[in-house]
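Here are a few short exercises on how two parts of a protein meet. Have a look at the structure, try each task, then check the worked solution.

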Amino acid sequence: MRLWLFLLALPALAQKLTVMPPSVELTGPEARQQLIAEGTVGEHSEDWTRTAQWSSSDPNIAVVDAHGVISPVGDGEAKITVTANGATSAVAVRVKTARAPFTWSFRNHVIPVMTKMGCNQGACHGALAGKNGFKLTLRGYDPDADYDTLTRASVGRRVSLADPDASLILAKPSFAIPHGGGKRFAKDSLEYRVIREWIAADTPPPASSDVQIQGLEVFPPAAVLTPGAEQQLAVRARYSDGHTEDVTRWVKFSSSNEGVATVDDWGRVKMNGAGEAAITLYYASRVLYSRLSVPFPNTVSAAAYEQFPRKNFVDDLVIAKLRNLHLAPSKLADDATFLRRAYLDAAGVLPSAEEVERFLADSAADKRAKLVEQLMERDEFADYWAYKWSDLLLVSSKKLNTTTMWAFYNWIRDSVKQNKPWNAFAREIFLSSGSTRENGALNYFVLHKDPIELSENATQAFLGQRITCARCHNHPLEKWTQTQYYQMANLFARVGVKIGSSPGEQIVFAKASGDVLHPKLARPLPPTPLDGQSIALDSTDDRRIAFAAWLTSPKNEMFARTIVNRVWANFMGRGLVDPVDDLRATNPASNEELLSALSKDFVDHGYDVRRLIRTVMNSSAYQLSSEANATNQSDNIYYSKHIIRRLSAEIILDAMSQVTGAPTSFAGYPAGTRAMQLPDTQVKSEFLTSFGRPARNICDAAERFSDPTIAQALAVINGDTLNKKLSAADGTIALLIKVGMSDRRILEFMTLSAFSRYPTESEKALVAAVGGPGHRQAVEDMVWAMLTSKEFLFQH
């Protein structure tokens, strides 16, 4: 009751009515367009489409029904007016060829109908082996093959030109005769009519002259709604001849987060809870999404946003997202927390006790920014990022001999040390030729000798695109077609690798011939980067030149977005796109404006990775505390607080070695070598393996895992790795006891070393109760408790 009275006391919210799409052109007698009457009420939107009153200025040109669907009547122009909740708006409509002869297109109408009805899905006739002797290509990726199957296979019994209604392709899905897939459409439906009229027109085949789909538009592309609200989406396809068609009815819809929003088969969305969801759209191998959100039911003061300490544009865009969702940012982390976080995230090591004391005693206002600069100049920084990029590029002695493995690793580390621009880093890999011993980057081609494997790895590593599905059929979750897949693979068909003159050496060179054949066409396709320009098949130029130019072009947004997302995830605990290496169009960023801004800034400043790192680390968003407030306890997506996550296997082992002063021994490597300095994940270590070190077999971020396991628990509870470090005769514990340091001072030193902070009063009291100095076992137990605690094992 109090809330209701409060709402009544509020001033009337401003209302505005917008019609979408903003302009309409109907081409042909079968053209239709769903209009959306979108109301703006205060800070949110409402769909008034079904309650609005619609009218046409000239019913002889176009008519509109009660649900806002326009149909053509005659050529000319008219205006559609809509009135709802006291507001009025209008949209101009132009109609062309309204009475011209019309035939449904197999490519652009029949296939989409069959896709929407599920006929060519993986669970039905689109399965690899088909269903009951009837096989269609998955989601209609090969219209020519599907046409032959429907009209020629099984003696043409699936279509009947003499009696279209007797065609099995109509009788079964309409359930006129029994159908294992059930009833897919009614006899009086538009879907039935499209297929029937196509059959009646003598089943015209797909032709090279058919107009080709160029892209999709969705209305509204984004909206902020209220809990329980419904929103109709309208989807329009653009074709190569310039005309557009409303394809909403035949789009496949899905939601990225059904806890926030669900969507039915006709594009009507129901908002179920607070948060943001992407409603993904699939039509004719094109994908898009509409981003719909509901603010969380929190009351956040304007001061929480206005007084937030903004260091750069990252903070502006994070705060804008939090404001829209009614999430308050957590407070800034204290100096001790920031110090430990920065060291681990940037260099993979802990600060020493002395470094902690010095930083905490420093009163300079810019000490955090100075620390960021200092960290990027450390050798550990180069080690950490060299290891990370070695994971990405799969550096391993599994396929490389020791000499070339080291050559590849050293090239990566030198690149990090020099702060080589990311575009130059990629170009050196793909444009080099010569000896794999002399130029370590060339070992990339030794690891990936097959053009198919090379194409798939390059697109995932550098573009965040998983194109493997398109090897067999059009990608079901992306726009990439099978044709594009083999055009892309053919870029690498002429990379040659031969044995060199030195032991273990191989020579990478550009061959004069060689092609990858399309498996169905049995011929090569012009080498073409994804959405790029083709190269003539008979060209003798090194095809890698065109690929590298396209890959690193400022116009190729995928290249910059992918590395920006990887770097962001390293520091923030989650990529703006998650998974971090899955940047498909149907997996949108949690903050698209921020990802776009970071990517643009990255390109504008010469693909400078250190500058990107500096930008992220200096932002207040990065420096937030991991402690939640009343509004953001469940948020791990929008960066209202720092995301807590377990440290990687290598960092945990190195940190244990650092705190105990007992380095880990790795066979074949000098004493004191840290896990983060190993160039090869084939080095045996049960500890690293149990804590999720990747084998570097595939380019997939998921190969590294951080999920808890029994093996991990056993490793820290009673495993030799940690216990031997604690009891090491020349370790830190032995040294501190030997010099007669008091238990209280030992506690302080070890707390500074492990947690980058001073001990609390309660921790001091616990140590005081243990006993005096010299209690070696008690000290070991104390340090063991530290190194197995969540505070130590997790980044926070």
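**Exercise 1.** How many salt bridges does the rule find across the interface of domain 2 and domain 3?

*Solution.* Keep in mind that this is a predicted model. Start by finding the two parts: domain 2 covers 109–201 and domain 3 covers 215–295. Then look across their interface, where the rule finds one salt bridge. Its partners are R249 and E191, with their closest N and O atoms 2.5 Å apart. The cut-off is 4 Å, so this pair qualifies.

**Exercise 2.** Work out which helices supply at least two residues each to the side of domain 2 that touches domain 3, and which one gives the most.

*Solution.* First, begin with the polar contacts: six residue pairs make them between domain 2 and domain 3. Next, go to the domain 2 side, where α2 (106–116) and α5 (190–200) each bring at least two residues. Of the elements there, α2 gives the most, with five residues. Finally, sort that side by residue type: you get four nonpolar, three polar and three charged.

**Exercise 3.** Describe the contact between domain 2 and domain 3 in numbers.

*Solution.* Step one is the spacing: the C-alpha centres of the two domains are 26 Å apart. Step two is who takes part, and here domain 2 and domain 3 put in ten residues each. Step three is the area: about 1,000 Å² is buried between them, and carbon and sulfur atoms account for 60% of that.

Technical notes. Residues are numbered from 1 along each chain as its sequence is written. This is a predicted model: local features need pLDDT of at least 70, side-chain atom pairs count only at pLDDT 80 or more; totals for chains, interfaces and linings use all residues. Side-chain values use heavy atoms; hydrogens and water are left out. Domain bounds come from an automatic or database domain assignment. Contact means heavy atoms within 4.5 Å. Buried area is the accessible area (1.4 Å probe) that two parts lose on being put together, summed over both. A salt bridge is a side-chain nitrogen of Lys or Arg within 4 Å of a carboxyl oxygen of Asp or Glu. A polar contact is a pair of N or O atoms within 3.5 Å; within protein, one must be able to donate a hydrogen and the other to accept it, and residues adjacent in sequence count only if both atoms are side-chain atoms. Helices (H or I, at least four residues) and strands (E, at least two) are DSSP runs, numbered from the N terminus. Ala, Val, Leu, Ile, Met, Phe, Trp, Tyr, Cys and Pro count as nonpolar, Asp, Glu, Lys and Arg as charged, and the others, Gly among them, as polar.
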